[in-house]
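Work through the following exercises with the sequence and the model side by side. Try each task before you read its solution.

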Amino acid sequence: MREYKKPELLIPSSNLEVLKAAILYGADAVYIGGEMYGLRAKAKNFSNEDMKAGIEFAHSYGKKVYVTANITAHNEDLSGVRKYFKDLKEIKPDAVIISDPGVFEIAKEEIPEIGIHISTQANNVNYGTYRFWHRMGATRVVSARELSLEEIKSIRENIPDELEIETFIHGAMCIAYSGRCLLSNYFTGRDANRGACTHACRWKYHIVEETRPGEYLPIEENERGTYIFNSKDLCMIEYIPELINAGIDSFKIEGRMKTALYVAAVTRTYRKAIDDFFESPSKYQENIPYYKDEISKCTYRQFTTGFFFQKPDEDAQIYDNNTYVKEYTYLGIINGKNEEGLYELEQRNKFAVGEEIEVMKPDGRNLIVAVKRITDENGEDMDSCPHPKQKIFVDFGIELDIYDILRRKED
């Protein structure tokens with residue numbers, strides 16, 4: 001019988017700053033996109049230089065980096081994919097994430113020394129599919145989000161031990177099967193399967209009957225229209241034992257367009273939950289209220305367990321809005337210290353002298369601090385920092401550390 005080891009915690013990163021936060025707040029591995037061939041073209045993504053720096057940073061902590069190349073490739077993409085993989089050969093990520101068989105073949109030819117993971121976009125819903133990809137040379141397969149825990153457990157029992165299962169356990173849920181959506185392309189000409197999704201599933205919709213043009217009919221009970229495709233966010237923080245018992249090797253968090261605050265908060269919470277469970281199942285159970293409280297401090301759309309326990313019903317959708325629940329605002333991340341002893345940061349949202357804010361630390365502590373002083377790059381005192389991404393220097397009255405994250409609780 002296979003003995004289940006502690007699963008990998010796999011975290012998304014949109015840029016170098018977020019990657020470093022993910023590693024320092026507890027990720028075992030991160031997945032990132034380069035400037036081409038991933039499914040988050042609207043994300044900032046990594047230049048080759050930043051990718052190299054990020055991989056070196058992660059490796060210095062003994063962590064891994066996977067690079068997405070999971071578009072559905074058309075003919076004109078293939079020559080560029082080949083060149084891209086030749087660049088990756090020099091950058092040396094730990095694996096690439098692929099969904100397209102043509103792209104897979106190019107990866108085998110150009111980067112045979114780099115692991116290949118099969119994306120959820122490949123619709124991986126049965127153990128025969130897993131076996132196929134293993135024979136082709138894949139080292140890991142990402143399960144489709146439409147699978148139950150029982151189905152994943154059955155897959156685990158019917159595939160080689162060395163073939164890893166990666167599964168999304170937290171984050172936004174796509175309305176389309178395994179993320180293969182046509183809405184964005186149909187409405188806007190921007191192909192979700194080539195990285196340009198406009199999130200048309202979050203738009204507001206009405207039904208119009210053919211013989212009554214202009215007469216909007218109610219969907220569900222909301223006569224003003226509904227966000228009928230708008231899924232709740234996945235959250236499995238209360239079900240770590242069930243995920244482990246299903247034989248999942250890598251717990252994957254969704255969110256390559258999220259802030260450092262979101263990434264750090266989710267990473268830190270799941271890191272503690274996983275570690276607590278392996279230390280003592282009873283400790284994990286006792287701390288569930290803490291995990292739930294911490295995870296709710298991230299932006300989210302209400303939570304669901306997706307397909308893991310049963311087929312989602314109408315309660316898994318949000319019909320009256322497409323906005324996030326947002327309890328905290330991201331203010332910035334500590335980057336260093338100047339000669340005066342003030343902490344350097346690039347502010348992300350406005351805060352002011354005299355205000356009390358919260359500091360998130362990688363070790364799990366949250367500290368309330370007062371803003372004593374703010375100066376600009378020239379050392380001039382400021383009452384507040386009104387300009388987004390302004391470089392500022394701040395006295396918080398206590399000692400802080402690089403990569404501590406600043407946030408403010410909203411009313």
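A residue counts as buried when its relative accessible area is under 20%, as exposed when that value is over 50%, and as partly exposed in between. Keep in mind throughout that this is a predicted model.

**Exercise 1. Classify Asn 123 by its accessibility, and describe its backbone.**

Step 1. The relative accessible area of Asn 123 is 22%, so this residue is partly exposed.

Step 2. To place Asn 123 in the chain, look at the loop between β5 (115-118) and α5 (127-136), where this residue is found.

Step 3. Most residues other than glycine have a negative phi. Asn 123, however, has a positive phi, near 60°.

**Exercise 2. Repeat the analysis for Lys 389.**

Step 1. Lys 389 has a relative accessibility of 47% and therefore counts as partly exposed.

Step 2. Lys 389 lies in the loop that runs between β18 (381-382) and β19 (391-395), and its phi is positive, near 65°.

**Exercise 3. Decide whether Pro 12 is buried or exposed, and find what touches it.**

Step 1. Pro 12 belongs to strand β1, which covers residues 8-12.

Step 2. With a relative accessible area of 1%, Pro 12 is buried.

Step 3. Leaving aside residues up to four places away in sequence, Pro 12 touches Val 18, Tyr 31, Ile 253, Glu 254, Gly 255, Arg 256 and Val 263.

Step 4. Now consider Val 65, which is 53 residues from Pro 12 along the chain, although the C-alpha atoms of the two are separated by 9.9 Å.

**Exercise 4. Compare the length of helix α2 with the expected value, and find which side of the helix is buried.**

Step 1. Helix α2 spans residues 48-60, which makes 13 residues, and the distance from its first C-alpha to its last is 18 Å, close to the 18 Å expected at 1.5 Å a residue.

Step 2. The buried residues in α2 are Met 51, Gly 54, Ile 55, Phe 57 and Ala 58. Because they cover an arc of only 160° around the axis, they lie on the same side of α2.

Step 3. An α-helix has 3.6 residues a turn, so residues three or four places apart point the same way.

Step 4. On the face of α2 turned away from the buried side, you will find the exposed residues Glu 49 and Ser 60.

Step 5. The partners of the buried residues of α2 are α1 (16-24), β2 (29-33), β3 (64-68) and α3 (78-91).

**Exercise 5. Describe how α1 and α2 pack.**

Step 1. Two packed helices are described by the angle between their axes and the distance between the axes.

Step 2. For α1 and α2 the angle is about 10°, and the axes are 10 Å apart. Since angles under 35 degrees count as roughly parallel, α1 is roughly parallel to α2.

Step 3. From α1, the residues Leu 16, Leu 19, Lys 20, Ile 23 and Leu 24 meet Asp 50, Ala 53, Gly 54, Phe 57 and Ala 58 of α2. The residues of this contact divide into seven nonpolar, one polar and two charged.

**Exercise 6. Find the buried face of helix α4.**

Step 1. In helix α4, residues 101-110, the buried residues are Val 103, Phe 104, Ile 106, Ala 107 and Glu 110.

Step 2. Seen down the axis of α4, these residues fall within an arc of 165°, so they line one face of the helix.

Step 3. The buried residues of α4 pack against α3, β4 (95-98), β5 and α5.

Technical notes: Residues are numbered from 1 along each chain as its sequence is written. This is a predicted model: local features need pLDDT of at least 70, side-chain atom pairs count only at pLDDT 80 or more; totals for chains, interfaces and linings use all residues. Side-chain values use heavy atoms; hydrogens and water are left out. Helices (H or I, at least four residues) and strands (E, at least two) are DSSP runs, numbered from the N terminus. The expected span of a helix is 1.5 Å times one less than its number of residues. Buried means under 20% relative accessible area, exposed over 50%, partly exposed in between (1.4 Å probe, protein chains only). The arc is that of the directions from the helix axis to the C-beta atoms. Contact means heavy atoms within 4.5 Å. Axes are lines fitted to C-alpha atoms, for helices over the stretch in contact, and angles run from 0 to 180 degrees between N-to-C directions. Angles under 35 degrees count as roughly parallel, over 145 as roughly antiparallel, 65 to 115 as roughly perpendicular and the rest as oblique. Ala, Val, Leu, Ile, Met, Phe, Trp, Tyr, Cys and Pro count as nonpolar, Asp, Glu, Lys and Arg as charged, and the others, Gly among them, as polar.
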